[in-house]
Amino acid sequence: MPEVVFPLDSQKKFTEQRIVGHNRWHPDIPALVQVRPGDVFRVHCREWFDGAIQNNDSADDILNAPLPGVHVLSGPIAVLGAEPGDLLIVDILDVGPIPQEDSGPLAGQGWGYTGVFATRNGGGFLTEQFPDAYKVIWDFQGGVATSRHVPGVSFTGIVHPGLMGTAPSANLLRTWNAREQALIDTDPNRVPPLALPPLPDSAILGSLTGDEFDRVAREAARTAPPRENGGNQDIKNLTKGSRVFYPVFVPDAKLSMGDLHFSQGDGEITFCGAIEMGGFMDLHVDVIKNGMELYGVQENAVFMPGRTDPQYSEWLAFSGTSVTLSGEQRYLDSHLSYQRACLHAIDYLQRFGYSDIQAYMILGAAPIEGRLSGVVDIPNSCSTVYIPTEIFDFNVRPGKDGPTRIDPGIGVPRSAA
Ligand code: ZN
C-alpha cells in the first residue's frame, strides 16, 4: 500500500484530524503535505458532508444539510517544484470506499447515499418537480450498488472523485469572485441562488488561525462550481486508470480532492448528489514544465479517462428538446432539453411501478450517459439520456405486451420543505 500522506480517522470530525483539510479555495491555505514529482501516495477522503448524512429511512438530514460546510477536501498537497504555467499530471491509480468491513457510521463503509435538496436549501436539476428533500441509501457489495429504497435495480460502481483540482492564484480568485458576484447581482434574492459568494461561516482553512484565517475566509471561493482549476467537475469517468492534466497557478500546485462517488449518472442531476461516500485515492503525480503554454491548456483540466467502467452494451435512450413543459419555445437551450429528456425517462420508468422520485434517483446514481445530440438545429437543441437496460432485473424495454409492474417497496424517504 502506498504511504498515506493525508490520513483521516473515521472516529473523528474533519476539524479534529491530525492534518486538517479545507472547504474553500484560496492560494494562502498552507500545504501541510508535500510530495515530489514521480511519487505514489494514498489520500483519505471524507464524504462531502463530513458524516452529517446517516444510514436510515429519514430525509431530515438532507432537508437540514449543512451546505456552508461543503466540500470537506483533503489537501492542499504541495507537489514540490511545480510552478505556475506547468501542467500537473495526476494519475488515479486506485480509488474506492473506506476499506472497512461491516456497515459503519460513515458513508463509504459499505454504503452511500443519494439525496435531493429541498428547493429552499439548494434545489437541484428538477427542483420544480421535486421541491422537497429526499434520500436513498445504497448498499455496496462486490462492487455493485443496490438499494432498499429503489428495488429492481443494481449496477457496478464507477468510482471516482467528484472534486479534484489545484489552488487558484490570487488573481484568478479575484476573477472568480468578481464574475460570480456580477451574476448574483442580476437576481440577488433568487431561490435557489444563482451562485454562492464567499462565506466565512463554517469555513475550514487547514492550519490557518487568527487574522489570517479571517482574511482568507472572507476572500476564499466556495467549492460548489467547477472552474479553471478543475474543482467540482463531477465527471463520472474520472475513475481508476484516469490521467488528468491540471493547470498550475501557484508554486507547488497545491492539489486537493474529495467528494468521492461510488457511481453517478452524467450531470449528477440529483445534486446531493451521485452516490456519496468517503474513501481513499492512490495517486501518482508528475509535472510537464511550461505545459500550459506547450499544449494550450490555459484553463480547465484535460484528461484521459480510465478504462475500468462497467461495460454496458444495451441502452434505452430518451430525447428532449428545448421547449418548456408549458409549451414555450426556447432557443437552443441544452440545459432545458436535457431536463426534458430526463423527465421523459422518469415518466417512462413510472409505467413499470416506480414512483417519480425513485426514477429520478436512478438517473442520478446509475451510470447513465447524457449527450448533447444536436445543438445547431434552430430553434431546438436535442439532448439525450441513455439508460443501460441491464441494470434492471426486469425487462424495461417497450414491447407489445406492455410494461410489467414491479413492487416499488418502501419507496424513497421524503421530508417536506
Ligand atoms: Zn458529490
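Gly123 is in contact with Phe117, Ala118, Pro192 and Phe271, once its neighbours within four places in sequence are set aside. The model in which this is seen is a predicted one. Gly123 sits in the loop between β6 (111–116) and β7 (133–141). Is this loop residue buried or exposed? Its relative accessible area is 0%, so Gly123 is buried. One of its contacts, Pro192, is 69 residues away in sequence, yet the two C-alpha atoms are 6.1 Å apart in space.

Thr166 can be read in a similar way. Thr166 belongs to strand β10, which covers residues 160–166. Residues under 20% relative accessible area are called buried, and Thr166 counts as buried because its relative accessibility is 0%. Which residues touch Thr166, leaving aside its neighbours within four places in sequence? They are Trp25, Leu88, Asn229, Tyr246, Pro247, Phe249, Ala253, Lys254 and Leu255. Pro247 also takes part in a polar contact: the side chain of Thr166 reaches the backbone oxygen of Pro247 at 2.8 Å.

The next element is helix α5, made of the 17 residues 334–350. Its length can be checked with simple arithmetic. At 1.5 Å a residue, the helix should span 24 Å, and its end C-alpha atoms are 24 Å apart, so the expectation and the model agree. At the start of α5, a side-chain oxygen of Asp333 comes to within 3.2 Å of the backbone nitrogen of His335.

How many of the 17 residues of α5 are buried? The count is 12, and α5 is therefore largely enclosed by the rest of the structure. Among the buried residues are Leu336, Tyr338, Ala341, Cys342, Ala345, Ile346 and Leu349. An α-helix has 3.6 residues a turn, so residues three or four places apart point the same way. In α5 the buried residues also include Ser334, Ser337 and Gln339. What covers the buried residues of α5 includes the strands β18 (315–321), β19 (369–374) and β20 (382–388), as well as the helix α6 (356–365).

Two of these covering strands, β19 and β20, lead to the last stop. The loop between β19 and β20 holds Val375. Val375 has a relative accessibility of 42% and therefore counts as partly exposed. Together with Leu372 and Val376, Val375 makes a nonpolar surface patch of about 300 Å².

To look back over the route, Gly123 is buried in its loop, Thr166 is buried in β10, and α5 is largely enclosed, whereas Val375 is partly exposed.

Methods. Residues are numbered from 1 along each chain as its sequence is written. This is a predicted model: local features need pLDDT of at least 70, side-chain atom pairs count only at pLDDT 80 or more; totals for chains, interfaces and linings use all residues. Side-chain values use heavy atoms; hydrogens and water are left out. Helices (H or I, at least four residues) and strands (E, at least two) are DSSP runs, numbered from the N terminus. Buried means under 20% relative accessible area, exposed over 50%, partly exposed in between (1.4 Å probe, protein chains only). A polar contact is a pair of N or O atoms within 3.5 Å; within protein, one must be able to donate a hydrogen and the other to accept it, and residues adjacent in sequence count only if both atoms are side-chain atoms. Contact means heavy atoms within 4.5 Å. The expected span of a helix is 1.5 Å times one less than its number of residues. Patches are made of residues with over 30% relative accessible area and no salt bridge: like charges are joined within 9 Å, nonpolar side chains (Val, Leu, Ile, Met, Phe, Trp, Tyr) within 5 Å. Accessible areas come from the Shrake-Rupley method with a 1.4 Å probe; for residues, only the protein chains shown count as cover. A salt bridge is a side-chain nitrogen of Lys or Arg within 4 Å of a carboxyl oxygen of Asp or Glu.
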